[in-house]
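Please examine the following structure through a short series of questions and answers.

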Amino acid sequence: MFEEGAFLKKEHGAGNVYDFSLGNPNLQPPENFRRALQNMVTSLKEGGHSYMPNTGYPHVRRSVADFLSVEQQVAIAEGDIIMTCGAAGALNVIFKAILDPEDEIITPAPFFVEYGFYAENHGGKLKPVTTEPDFTLDINAVAAAITEKTRAVLINSPNNPTGQIYSRESLFELGDLLNARGKELGRTLYLISDEPYRKIVYDGREVPGLFTCYNESIIATSYSKDISIPGERIGFLAVNPNASYREELLGGMALANRILGFVNAPALMQKVISSIQGACVDVSVYARKRDLLCDGLSDFGYEFVKPSGAFYLFPRTPDPDDVKFVRALQKELILTVPGSGFGGPGHFRIAYCVGDETITNAMPGFKRVMEKYR
Ligand SMILES: Cc1ncc(COP(=O)(O)O)c(C=O)c1O
């Protein structure tokens, strides 16, 4: 999709191609990020570019822990945090530490397409399970998928590609299930929450804290989306302070961070984010884009669940073959991604972290393609 997009842009001019294919935030980072970055660069002391503890600078982990303690309503210490190269780095470090060969990771579909590769990187297998028609958790589907090989359930809320948020009740239910089945199987079943979109939520919605729902839980996240710095590769993982094997987990993950080749998260970015905890782009701008897109598409007969968070829309395709439908949109120079790649066939993903004019100018094309199915 990326390659074809580049080709189409060359042929037709970038302004005439409506590229909704990537989750690359189009908003500029907040002003306090830029100020903090300038300050850090001008005040760097000797040793500012050196190796550091593999888990990250202690003062940075402390500031993350303080912020997270309030967010999760659990006392979290600097020792519970490891700074990582984005959420992707955090997930790979977690999998490296907890997976034995052939271990299974259950994930509700649709899901972020890289999860399967991350699991395979460390000898594991991703096991997608269905969700409810509105993409909320189907606890029975998770229950039915648990076997003696299950090691973890991986959730992502707000979700890429659906924008759905999982409720506190459903997380408690999931926690109870994992507790009961873990005891039966004599195996710790982890609940991993990948949450880089936590702050990008609409209509007053909130993302419930995981740590009060289940003790054997781990958070993986980043600053990529909420402050628009995905190229800087900065994120962290946090282990629930009440996890049974807290120390072993953190020890294994500290080693994994080193031996997977990251060594540590980028030094400068660690310092910058530690001074702006809680920063976020203006989410109302994404809310406006969401409404612009949803209002336009529903007028043309597209069907979808209105997203509560993140910056993706996951409409149904009027054609059962989602790849064919995405090709039809491509003929209108509209680039989207088929849902089957996310384990959600019969849908397609629109990333609306783009300029308003891209959304507005793509509308006639979206209309024409839908009209062919009427
Ligand atoms: C659900 C999800 N998890 C993880 C990532 C990776 O995030 P990062 O760039 O911070 O590693 C992404 C990026 O798009 C994502 O959508």
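Q: In which strand is T150 placed?
A: This is a predicted model, in which local features need pLDDT of at least 70, side-chain atom pairs count only at pLDDT 80 or more, and totals for chains, interfaces and linings use all residues. Residues are numbered from 1 along each chain as its sequence is written, and side-chain values use heavy atoms, with hydrogens and water left out. Strands are DSSP runs of E with at least two residues, numbered from the N terminus. The run of residues 150-156 includes T150 and is strand β5.

Q: Is T150 buried or exposed?
A: Buried means under 20% relative accessible area, exposed over 50%, and partly exposed in between, with a 1.4 Å probe and protein chains only. Because its relative accessibility is 0%, T150 counts as buried.

Q: Which elements do the buried residues of α10 pack against?
A: Helices are DSSP runs of H or I with at least four residues, and α10 covers residues 283-299. Its buried residues include V283, Y286 and L293. Taking contact as heavy atoms within 4.5 Å, the buried residues of α10 pack against β9 (312-313), β12 (348-351) and α12 (356-371).

Q: Why is the pair of Y286 and F311 classed as stacked, tilted or edge-to-face?
A: Rings of Phe, Tyr and Trp (its six-membered ring) pair if their centres lie within 6.5 Å; planes under 30 degrees apart count as stacked, over 60 as edge-to-face and the rest as tilted. By this rule there are 14 aromatic pairs. The ring centres of Y286 and F311 are 5.0 Å apart and their planes are at 55°, so the pair is tilted.

Terms used: The expected span of a helix is 1.5 Å times one less than its number of residues.
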